Amino acid sequence: MAKQRRPDNKTSDLPLQAAGFVSEKGNLEANNPFLKRYLMRSLEVFLYWMPVWVPLILLAQIGTLGLKASRKEEQRLIGHETDLQDRFERDVKEMKGLKRQLDALGNDIYLERLRRQRTEEQKLEIEERGLAPLPPVSQPSPTEKP
């Protein structure tokens, strides 16, 4: 069997294209069906290979930049987390103390104890500073002899 040869008239069964991407003046053709098909096919191929490109881009980024930035950010956030946890524990302790004090202020016996304690503290401070009032000194009357 011999190969079939094309006729020498160089005609093909492909449809002839009327125009290219640009017109003779250099402007893009507005209603060029070939251009529309070309762009649609390009978009289709791009979207078809998208699931391959995304991981490759991610791997390239990890390969070039590494995980240094993310590890650095993680350490910074862990530091902030421990600071916030400590602050939260301090605030909880303070809240419990204030709640206990608020509950105690509703107790009459506790209020009386506080009043007596403050009175004693004031007396001690007055004596320390020498501010205690002195009893009135009685003036000798002119008829009395000292």
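**Aromatic pairs in a helical chain**

Searching the whole structure, which is a predicted model, turns up three aromatic pairs. Take Phe34 and Tyr38 to begin with: the ring centres sit 6.4 Å apart and the planes meet at 25°, so this pair goes down as stacked, given that planes under 30 degrees apart count that way. Both residues belong to helix H1, which covers residues 33-48, and they are four residues apart, putting about one helical turn between them. As for solvent, Phe34 comes out as partly exposed, with a relative accessible area of 25%. Tyr38 is also partly exposed, at 46% relative accessibility.

Tyr48 and Trp49 make up another aromatic pair, this time edge-to-face. Here the rings are 5.6 Å centre to centre, with 85° between the planes, and planes over 60 degrees apart get the edge-to-face label. Tyr48 counts as exposed, its relative accessibility being 63%. Its partner Trp49 has a relative accessible area of 43%, which makes Trp49 partly exposed.

Zooming out to the fold, the protein chain has four helices and zero strands. Reading along the sequence gives the pattern α-α-α-α. Of the 146 residues in the protein chain, just 2% are buried, with buried taken as under 20% relative accessible area. The exposed surface of the protein chain adds up to about 15,200 Å², and carbon and sulfur atoms supply 59% of that area.

How values were computed. Residues numbered from 1 in each chain as written. Predicted model: local features only at pLDDT ≥ 70, side-chain atom pairs only at ≥ 80, totals over all residues. Heavy atoms only, no water. Phe/Tyr/Trp six-rings, centres within 6.5 Å; stacked < 30°, edge-to-face > 60°. Helix = DSSP H or I, 4+ residues; strand = E, 2+ residues; numbered from the N terminus. Buried < 20%, exposed > 50% of the residue type's maximum accessible area, 1.4 Å probe, protein only. Areas by Shrake-Rupley, 256 points an atom, 1.4 Å probe, with all protein chains shown as cover.
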